[in-house]
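Trainee: Please give me a close look at one part of this model, namely the pairing of its charged side chains. I would like a single connected account that also says where the partners sit and what surrounds them.

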Amino acid sequence: MSLALDCRPTAALLPTAGARVPLVTGGTVDYANLDVAASSPALASVAARVAEALPLYASVHRGAGYLSQVSTALYESARDTVAAFVGARDDDVCVFTRNTTDSLSLLAGCLPADGAVLVLDVEHHADLLPWQQRSRDLCDVLTAAPTVAGTLQLLADALAARRYVLVAVTGASNVTGESLPLRRVADLAHDHGALLLVDGAQLVPHRRFSLAESGADWVAFSGHKLYAPFGTGALVGRRDWLDTGRPYLPGGGAVAQVDVGATTWVAAPHRHEGGSPNVLGAVALAAACDALSAVAPGALEQHERELRGRLVEGLDDVAGVRLLRIWSDSVDPTGVVSFTVDGADPGLVAAYLSAEHGIGVRDGRFCAHPLLARLGVAGGALRASVGVGTTSDDVDRLVAAVARFVTEGPSVEYAVVDGRHQPVADPRPVAGLAGADLSAVARGAGCGPTR
Ligand SMILES: Cc1ncc(COP(=O)(O)O)c(C=O)c1O
């Protein structure tokens, strides 16, 4: 099952797309990418748009040349496309950033100095640390209740007990894919004089989202999770705090006038986009928005819903597998499923899935340490996630491989090297694609289970 659309990943750009990968047991197999929540392969149309824009690339904003003007037009029209994709209101602004983390840090620098922020303990660190970093006293982290209804009540109680300027919530959990009803949260926040930021990293690529319809004030998201891995993300929403807040990247383009003793900053978005912008990243992000907008309403959601259902059903049937949930009454989660296997180190299972089955999943704590600790899996879990290019065969392979792990265990020996499980004798080639040296993976060990 795969969408018969221009939504299959492109083999030209991504080694994960249609790639065959070596197995530790010999031979090669089609790579099953079930780590789409972390980063998603580029769409064919995104790659094509970037290739089309590349020969036109020139300096933007300040260049007088013809191609400079073309590049400027590409960049600024990408801004309009991205804003429209998330249902921006007429007076909203779209700031291009590197990713969701960047977008949230940018907004944190624009908050009223003594304004308190309310978040839940289910957040990704990117939606927790920037608020805490301003001052722990100005950030309350609420432990979510085991139900959506209970969590909404806790939010209402907290908002009644203290004056907050901002509520920051995930649009969809990067651990379970679950969501709160955003319209309800926006209404609650607004009723108590607070604004609402939605961390849309896991929502925007997988569900139609509209600032106008949800009532949210800002949404942050990443191009590399939206099938446009070219280094651009966005923060879209109200312009008031962004027009007056601390310029995020002070430099050329962010100013109207600089004198030795004083600087006059321009308004958002350029106020926060000092230096030469990532034009091709913005073009890629807009192309992804165009491609997803062109899909029939509901088709993407249905595709991922079916895959998620298959995944949950399959894993549920495997003895010793436990699926993680935040809320027992949440509806329509996105295609992100985290689970543990009784008695098994998640790092070992992930290494086995890769080495013996050519399946890519995520293991660890998913940059959500408080949530994983509360769910009783402080040692980490496994996460499988789906997207537009995922097939039912990918899902079936994962379920069968996990079941085989449970009944037979791995067929080769593994050891922990630099914090990661690896086959002890690994005949797979060390030199990877495009000159990448796979032994360098060890140097990224900090991105392993400690995350
Ligand atoms: C819910 C959520 N928020 C924020 C982020 C941070 O995104 P990025 O790494 O693109 O900045 C992630 C990344 O996985 C995420 O899943």
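**Charged pairs and their surroundings**

Mentor: Glu178 and Arg325 form a salt bridge in which the closest N and O atoms are 3.0 Å apart, the term meaning a side-chain nitrogen of Lys or Arg within 4 Å of a carboxyl oxygen of Asp or Glu. This pair links distant parts of the chain, 147 residues apart, with Glu178 in the loop between strand E7 (166–170) and helix H6 (182–191) and Arg325 in the loop between strand E13 (321–323) and strand E14 (336–341); helices (H or I, at least four residues) and strands (E, at least two) are DSSP runs numbered from the N terminus. The model is a predicted one, in which local features need pLDDT of at least 70 and side-chain atom pairs count only at pLDDT 80 or more, while totals for chains, interfaces and linings use all residues. Residues are numbered from 1 along each chain as its sequence is written, and side-chain values use heavy atoms, with hydrogens and water left out.

The two partners differ in their exposure: Glu178 counts as buried because its relative accessibility is 0%, whereas Arg325, with a relative accessible area of 39%, is partly exposed. Here buried means under 20% relative accessible area, exposed means over 50%, and partly exposed lies in between (1.4 Å probe, protein chains only).

As a general point, side chains of opposite charge can pair when their charged atoms come close. Under the salt-bridge rule, the count for this model comes to 20.

One of these pairs joins the side chains of Arg383 and Asp35, at 3.7 Å from N to O. Arg383 belongs to strand E17 (residues 381–385) and Asp35 to the loop between strand E3 (32–33) and helix H1 (44–53), so this salt bridge ties together parts that are 348 residues apart in sequence. Arg383 is buried at 4% relative accessibility, and Asp35 is buried at 13%. The pair also belongs to a network of salt bridges that links Asp35, Arg362 and Arg383.

Another salt bridge is made by Arg374 and Asp121, whose closest N and O atoms are 2.5 Å apart. Because Arg374 lies in helix H12 (residues 369–374) and Asp121 in the loop between strand E5 (117–120) and helix H4 (129–134), the pair ties together parts that are 253 residues apart in sequence. Arg374 counts as partly exposed at 31% relative accessibility, while Asp121, at 7%, counts as buried. The side chains of Asp121 and Arg374 are also joined by a polar contact of 2.5 Å, that is, a pair of N or O atoms within 3.5 Å, where within protein one must be able to donate a hydrogen and the other to accept it, and residues adjacent in sequence count only if both atoms are side-chain atoms. A polar atom of the Asp121 side chain lies, in addition, 3.1 Å from the backbone nitrogen of Ala144.

Polar atoms also meet the ligand. The residues around the ligand include Thr100, His124, Asp199, His224 and Lys225, a residue being near a molecule or strand if one of its heavy atoms lies within 4 Å of it. A polar side-chain atom of Asp199 is 2.6 Å from a nitrogen atom of the ligand, and an N or O atom in the side chain of His224 is 2.6 Å from an oxygen atom of the ligand. Thr100 approaches with its backbone instead, an N or O atom of which lies 3.4 Å from a ligand oxygen.

Beyond Asp199, His206 is found in the loop between strand E8 (195–199) and helix H7 (211–214). His206 is buried, with a relative accessible area of 4%, and its C-alpha atom is separated by 6.5 Å from that of Glu301, although these residues are 95 apart along the chain.

Finally, helix H9 (residues 279–294) gives a view of the interior, since 13 of its 16 residues are buried and it is therefore largely enclosed by the rest of the structure.
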